[in-house]
Amino acid sequence: MSDITSELLQKWVAAIKSGDPKRVTELYHRDAILLGTFSNKERVGHELILEYFENLLKSPVEVQIVSEHPFVESPDCAINSGLYNFVTEGKTINARFSFVYALFNVKSEKYPQVEWKIISHHSSVMPET
């Protein structure tokens, strides 16, 4: 199951790299909370999360995973925390992260399905020591 947390993290990295704020926002539950690296605002819900990524992705952003520590609490909840770097406009910003994922039933016209969504994401710049 810890493979799923790595897979979900890579899906998020790919969405960031795509430069498409809507693609990134779709990875979050509609009522998720984002405590973003580059904002002091608590963002709850798709509208505010989309606003954050629209601002962040005005310039290309690369994410480099430095470390990750997956933890599976139950079959429908997973956590992944660690370190990553944002590379943008020639600068590297070292940061730390925690993602909490939950498995949700998604209504579909053809058939019911389940899908992992980010319900909580905290990211902050690494403090200088």
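**Entry 1: Lys-41 and its partner**

I looked up Lys-41 and found that this residue is partly exposed, with a relative accessible area of 38%. I note at the outset that the model is predicted. I then searched for a charged partner of Lys-41, and found a salt bridge with Glu-51, in which the closest N and O atoms are 3.5 Å apart. Glu-51 lies in helix α3, residues 46-56, while Lys-41 lies in the loop between β1 (28-35) and β2 (42-44), so the pair ties together parts that are 10 residues apart in sequence. I also checked how far Glu-51 is covered: Glu-51 is partly exposed, with a relative accessible area of 31%.

**Entry 2: Arg-43**

I turned to Arg-43, which lies in strand β2. Is Arg-43 buried or exposed? Its relative accessibility is 6%, and Arg-43 therefore counts as buried; the cut-off for this class is under 20%. I found that the side chain of Arg-43 meets that of Glu-51 in a salt bridge, with 2.7 Å from N to O. I recorded that Lys-41, Arg-43 and Glu-51 are thus linked in a network of salt bridges.

I then listed the contacts of Arg-43, leaving aside its neighbours within four places in sequence. They are Ala-32, Ile-33, Leu-34, Leu-48, Ile-49, Glu-51 and Tyr-52.

**Entry 3: The remaining search for salt bridges**

How many salt bridges does the structure hold? I noted four. One of them joins the side chains of Lys-117 and Glu-115, at 3.0 Å from N to O. I looked up the cover of both residues. Lys-117 is buried, with a relative accessible area of 17%, whereas Glu-115 is partly exposed, with a relative accessible area of 26%.

**Entry 4: The sheet**

I traced the strands next. Six strands form an open sheet, and I wrote down their order as β2-β1-β6-β5-β4-β3, with mixed pairing. Which strands stand at the edges? They are β2 and β3 (62-74); each has a single partner strand, so one side of each is left without a neighbour in the sheet. I also recorded the turn between neighbouring strands of this sheet, which is 15° on average, direction ignored.

I examined one pair in the sheet in detail. Strand β5, residues 91-106, pairs with β6 in the antiparallel sense over 12 bridges. For Val-106, I found that the bridge partner in β6 is Gln-113.

I then asked where helix α3 sits relative to these strands. Helix α3 packs on the sheet and touches β1 and β2. The direction of α3 makes about 55° with that of β1. I add that the salt bridge between Arg-43 and Glu-51 involves a residue of strand β2 and a residue of helix α3.

**Entry 5: A nonpolar patch**

I closed with the surface. Which residues make the nonpolar surface patch? I found Val-66, Leu-83 and Met-126, and the patch covers about 220 Å². I looked further at Met-126, which is found in the segment after β6 (113-125). The relative accessibility of Met-126 is 31%, and this residue therefore counts as partly exposed. Residues of a patch need over 30% relative accessible area, and the value for Met-126 is 31%.

Technical notes. Residues are numbered from 1 along each chain as its sequence is written. This is a predicted model: local features need pLDDT of at least 70, side-chain atom pairs count only at pLDDT 80 or more; totals for chains, interfaces and linings use all residues. Side-chain values use heavy atoms; hydrogens and water are left out. Patches are made of residues with over 30% relative accessible area and no salt bridge: like charges are joined within 9 Å, nonpolar side chains (Val, Leu, Ile, Met, Phe, Trp, Tyr) within 5 Å. Accessible areas come from the Shrake-Rupley method with a 1.4 Å probe; for residues, only the protein chains shown count as cover. Helices (H or I, at least four residues) and strands (E, at least two) are DSSP runs, numbered from the N terminus. Buried means under 20% relative accessible area, exposed over 50%, partly exposed in between (1.4 Å probe, protein chains only). Two strands pair if DSSP finds at least two bridges between them. Axes are lines fitted to C-alpha atoms, for helices over the stretch in contact, and angles run from 0 to 180 degrees between N-to-C directions. Contact means heavy atoms within 4.5 Å.
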